[in-house]
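User: Hey, I've got this protein open and don't really know where to start. Can we walk through it together?
Analyst: Sure, let's bring it up and take it bit by bit.

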Amino acid sequence: MAQWQEVSEKSKLHPKPVGLVLQYGTAGFRTNADHLDHVMFRMGLLATLRSINTKAIIGVMVTASHNPEEDNGVKLIDPMGEMLTPAWEVYATQLANAEQDHLITVLKDLVQKESIDLTNQEAEVFVGRDTRSSSARLSDAVLDGVTALDGRSKDYGLVTTPQLHYMVCCCNTRGGYGKASVEGYYSKLSQAFIQLTKSAPNRTDDQKCLLVDGANGIGALKLREMEPYLQGALKVSLFCDGTGGKLNHQCGADFVKVQQNSPKGIVMKAGERCCSFDGDADRIVYYYSDDHGRFHLLDGDKIATLISTFLKELLTKAGLDLKIAVVQTAYANGSSTRYLEDTMKSLSHFVIVRCAKTGVKHLHHVAQEFDIGVYFEANGHGTVLFSKAAEEKIQQLCDDSEGERQGAATLLKNSVDLINQTVGDAISDMLLIEAILAIKGMTVQQWDAIYTDLPNRQLKVKVSDRRVIDTKDAERKTVSPAGLQEAIDRLVERHQDGRSFVRPSGTEDVVRVYSEAATQESADALGHEVSLAVYRLAGGVGGEPKPL
């Protein structure tokens, strides 16, 4: 077949390093940019086949998110703007790891397994990239892969990851989700934000001010472009905007979350609201400094609590009986879970709480089971999903009701329009949070005071083979090795408000240990004790873990 000859010839321009093995995970492929040319070409091939298979547009985003600037990566986007389906993650891994002389065989096997008809089938792939110096070159390799299989492509150039997810969904819904352009994205979100904040007419200029750390990445560039669309409804002071710093270096959401400190070189006034994006703008965390100079982080748990409380209050006012759930992972702070399960119930704002495996694709799937599903990982990656039935009921109430019920329904409708339901979106989430704080008249300190996080610690233990760790109950309990869960249970009992779990890393032979307790000293001690248990029962390598 002439197409296979074309693929074979073009693949020689993108040779695979012998012996290199990569794994497609929740974040797609991610490694040093110098090792990714062949992967990008092959993901162009895969996206083209996926487009034929689904009879829809597929997206390919070139980014390594919060990784260092010398890294890069790639994520594929399915028709409704969601992450690539797990079955095709397997194909992605097989394609990326196929040695040069086996590439066509692997492709033919995929075509046969999925019954893909390569004759008279149109394929279209949208491609976007972040601001890394390697991204333009790697994006061209993706486009080469699309062309090799006679696919059509649209190169969106520099966009955030959520923006490309949005474009794919817009086109595949034939404009039902919005206009498939960056300008369409800015206009849709800005208008919804402006309409929402009209419900808070007493906002002062000070209340409209927000400091934003753009991680020296694509989010900074795109937020700057979006500012005129906001018409002064939000006054952004943008720093780490890429003009003088290095991508993700001592800045960005991951740095702030892990270091529990503000980006380097940033001076915050007491009580000033600040937020940080990650490198491709699909994560966000908030923070502030109090009157004593202490740093306060408001992570994904605090964001999910704020949003779910707001939406539940509106549902109550609107008289809408819709099931709203918050989907968390085992890493969610125990205080946030207790607040959602107990305190909100006493306030007649009951929401369902569910726990899913780590990874936003797992949270997204569980959130789809409810009328409204709010999901955020503690790292700040998350969004809100509305079922089609829920959206229709909200719209009907806007059209047919009056008074307080119509007002609440209108706020819900504007919230739906503001939220990027395809994937976690730092810009969309930021605007929703700012609107909620304005409508509720809350300061960042009042938001933070909704509940107090339990002190916690995250550690890792090197092991000879991470596969010896098997888990259940959304990774909260270990099944193997024998005796480990019993040991963890005994250690947890010694600490007030103690909780701990372990899970294998998805990328390296380490076991991740999470612990929390009533005091930081106790949380640290519990984390060390559990680390020792993992080391002794799960094949630890190197010296025993040392106390913090």
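## Chatting through the model

Analyst: Let's begin with one residue. Setting aside neighbours within four places in sequence, L437 is in contact with R273, L306, M442, T443 and W447. Keep in mind that this is a predicted model.

User: Okay, and which helix does L437 lie in?
Analyst: L437 sits in helix α15, which covers residues 426-440.

User: Is L437 buried or exposed?
Analyst: L437 counts as buried, because its relative accessibility is 4% and the cut-off for buried is under 20%.

User: You listed W447 as a contact. How far apart are the C-alpha atoms of L437 and W447?
Analyst: Those two C-alpha atoms are separated by 8.1 Å, and the residues are 10 apart along the chain.

User: New topic: where is S8?
Analyst: S8 is in helix α1, residues 2-11. With 23% relative accessibility, S8 counts as partly exposed.

User: What's the C-alpha separation between S8 and A148?
Analyst: It's 8.9 Å for S8 and A148, even though their positions lie 140 residues apart along the chain, counting from one to the other.

User: Cysteines next. How many disulfides does the structure hold?
Analyst: The count is 0.

User: Why does C170 have no bond to C169?
Analyst: The C169 sulfur is the closest cysteine sulfur to that of C170, but the two are 6.1 Å apart, so they're too far for a bond. A disulfide would need the sulfur atoms within 2.5 Å.

User: Is C170 buried or exposed?
Analyst: C170 is buried, at a relative accessible area of 1%. C398 also counts as buried, with 13% relative accessibility.

User: Let's zoom out. How many helices and strands are there?
Analyst: The protein chain has 18 helices and 19 strands. Of its 548 residues, 57% are buried.

User: What about its overall dimensions?
Analyst: The C-alpha trace spans about 65 × 60 × 45 Å along its principal axes. The radius of gyration is 24 Å, which agrees with the value near 24 Å for a compact globule of 548 residues.

User: And how much of the contacting is between residues far along the sequence?
Analyst: Taking contacts between residues at least 6 apart in sequence, 72% join residues at least 24 apart.

User: Last one: what's the surface like, and where do the charges sit?
Analyst: The accessible surface comes to about 22,400 Å², and 47% of that belongs to carbon and sulfur atoms. As for charges, there are 60 positive and 72 negative, and their mean positions are 1 Å apart.

Notes:
Residues numbered from 1 in each chain as written. Predicted model: local features only at pLDDT ≥ 70, side-chain atom pairs only at ≥ 80, totals over all residues. Heavy atoms only, no water. Buried < 20%, exposed > 50% of the residue type's maximum accessible area, 1.4 Å probe, protein only. Helix = DSSP H or I, 4+ residues; strand = E, 2+ residues; numbered from the N terminus. Rg over C-alpha atoms; globule rule 2.2 N^0.38 Å. Contact = heavy atoms within 4.5 Å. Areas by Shrake-Rupley, 256 points an atom, 1.4 Å probe, with all protein chains shown as cover. Lys, Arg positive; Asp, Glu negative; His and termini not counted. Charge placed at Lys NZ, Arg CZ, Asp CG, Glu CD.
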